Amino acid sequence: MPRSKEIQEQMRTEVTEIYQSGKGYKAISKALGLQRTTVRAIIHKLQKHGAVVNLPRSGRPTKITPRAQRRLIREVTKDPRTTSKELQASLASIKVSVHDSTIRKRLGKNGLHGRFPRRRPLLSKKNIRARLNFAKKHLNDCQDFWENTLWTDETKVELFGRQMSHYIWRKRNTAFQKKNIIPTVKYGGGSVMVWGCFAASGPGRLAVIDGTMNSTVYQKILKENVRPSVRQSALDLRLG
């Protein structure tokens, strides 16, 4: 059964003041917008204990001290790939023994949740600058420009092997921060190299590359596939 929302102390004080002025449960409920059962519970508490403040509650005290919590947050902020088992061992070194599920819950309460990291291409600083300059250069280009642009690229697709998944600890809206992503590269055992293209109207041709890619092979692919793809996509391009 879900926990009910706790009424603030100021509101409980108002309930008691109105009650002591001679008003009944129904009038107090209507005046303060509270359920009549809530008003009754507050008054009963006043009559039984002489106060409406929260009383000490029973239950096991938390094992994770403020110091231990700061340690957890510091470690996952420094390295989001730290596992809950590793955090458990870290706390054990300061004589705090808790289950790893307790650690996950405590991190969750502090806005840090286990998530699969996003994968992004590994880019050099040179490539990052080049992409940013391209974006700035074409920022204000008209829609017609983009509708008549043919994009081409080649990649190596892995046929075998699987990159292992790994959780990271991160807060909301931080998925693409550098420390929260896994850089990917275009190589691996058992793969096939392909060239492809697309435009706003849809995909163009796809070519499978046999052997090693070099300038001769690349020029041959462009010669055999770019023009037909332009015609297929009905692009308004002038090709020399």
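Which residues do ring pairs link into a cluster? In this predicted model, the ring pairs join Phe134, Phe145, Trp146 and Trp151 into a cluster, and the legends below begin with that group before turning to helices and charged side chains.

**View 1. Aromatic pairs, including the ring cluster of Phe134, Phe145, Trp146 and Trp151.**
A search that covers the whole structure finds 4 aromatic pairs. One of them is formed by tyrosine 19 and tyrosine 25, whose rings are stacked, with 6.4 Å from centre to centre and 25° between the planes. The planes count as stacked because the angle between them is under 30 degrees. Tyrosine 19 is partly exposed, with a relative accessibility of 29%, and tyrosine 25 is likewise partly exposed, at 22%. Phenylalanine 145 and tryptophan 146 make an edge-to-face pair, in which the ring centres are 4.9 Å apart and the planes stand at 80°. Within this pair, phenylalanine 145 is partly exposed at 31% relative accessibility, and tryptophan 146 is partly exposed at 26%.

**View 2. Helix H2 (residues 25-32), with its buried and exposed residues.**
Ile28, Ser29 and Leu32 are the buried residues of helix H2. Around the helix axis they span an arc of only 100°, and they therefore lie on the same side of H2. These buried residues pack against two other helices, namely H1 (9-20) and H3 (36-49). The other side of H2 carries Lys26, Lys30 and Ala31, which are exposed. After H2 comes glycine 33, which has a positive phi, near 70°.

**View 3. The crossing of helices H4 and H6.**
The axes of H4 and H6 come within 11 Å and cross at roughly 80°, so H4 is roughly perpendicular to H6. The side of this meeting that belongs to H4 is made up of Gln69, Leu72 and Val76, while Ile103, Arg106 and Leu107 are the residues that they meet in H6.

**View 4. A salt bridge within helix H4 (residues 66-78), between arginine 71 and glutamate 75.**
By the rule applied here, the structure has 4 salt bridges. In one of these, the side chains of arginine 71 and glutamate 75 meet at 3.4 Å, from N to O. Because the two residues are 4 apart in helix H4, about one helical turn separates arginine 71 from glutamate 75. Glutamate 75 is partly exposed, with a relative accessible area of 24%.

**View 5. A salt bridge between helices H5 and H6, formed by lysine 85 and aspartate 100.**
The closest N and O atoms of lysine 85 and aspartate 100 are 3.7 Å apart in this salt bridge. The pair links distant parts of the chain, since lysine 85 belongs to helix H5 (residues 84-92) and aspartate 100 to helix H6 (residues 100-109), with their positions 15 residues apart in the chain. The accessibilities of the partners fall into separate classes: lysine 85 is exposed, with a relative accessible area of 52%, whereas aspartate 100 is buried, with 8%. Arg104 also belongs to this arrangement, as Lys85, Asp100 and Arg104 are linked in a network of salt bridges.

**View 6. A salt bridge within helix H9 (residues 215-232), between glutamate 224 and lysine 220.**
The closest N and O atoms of glutamate 224 and lysine 220 are 2.8 Å apart. Because these residues are 4 apart in helix H9, they are separated by about one helical turn. Glutamate 224 is partly exposed, with a relative accessible area of 40%, and lysine 220 is also partly exposed, with a relative accessibility of 48%.

**View 7. Leucine 122, in the loop between strand E2 and helix H7.**
The loop that holds leucine 122 runs between strand E2 (118-121) and helix H7 (125-137). Leucine 122 is exposed, because its relative accessible area of 54% is over the 50% cut-off. In sequence, leucine 122 and isoleucine 182 are 60 residues apart, while in space their C-alpha atoms are 8.4 Å apart.

Notes
Residues are numbered from 1 along each chain as its sequence is written. Side-chain values use heavy atoms; hydrogens and water are left out. Rings of Phe, Tyr and Trp (its six-membered ring) pair if their centres lie within 6.5 Å; planes under 30 degrees apart count as stacked, over 60 as edge-to-face and the rest as tilted. Buried means under 20% relative accessible area, exposed over 50%, partly exposed in between (1.4 Å probe, protein chains only). The arc is that of the directions from the helix axis to the C-beta atoms. Contact means heavy atoms within 4.5 Å. Axes are lines fitted to C-alpha atoms, for helices over the stretch in contact, and angles run from 0 to 180 degrees between N-to-C directions. Angles under 35 degrees count as roughly parallel, over 145 as roughly antiparallel, 65 to 115 as roughly perpendicular and the rest as oblique.
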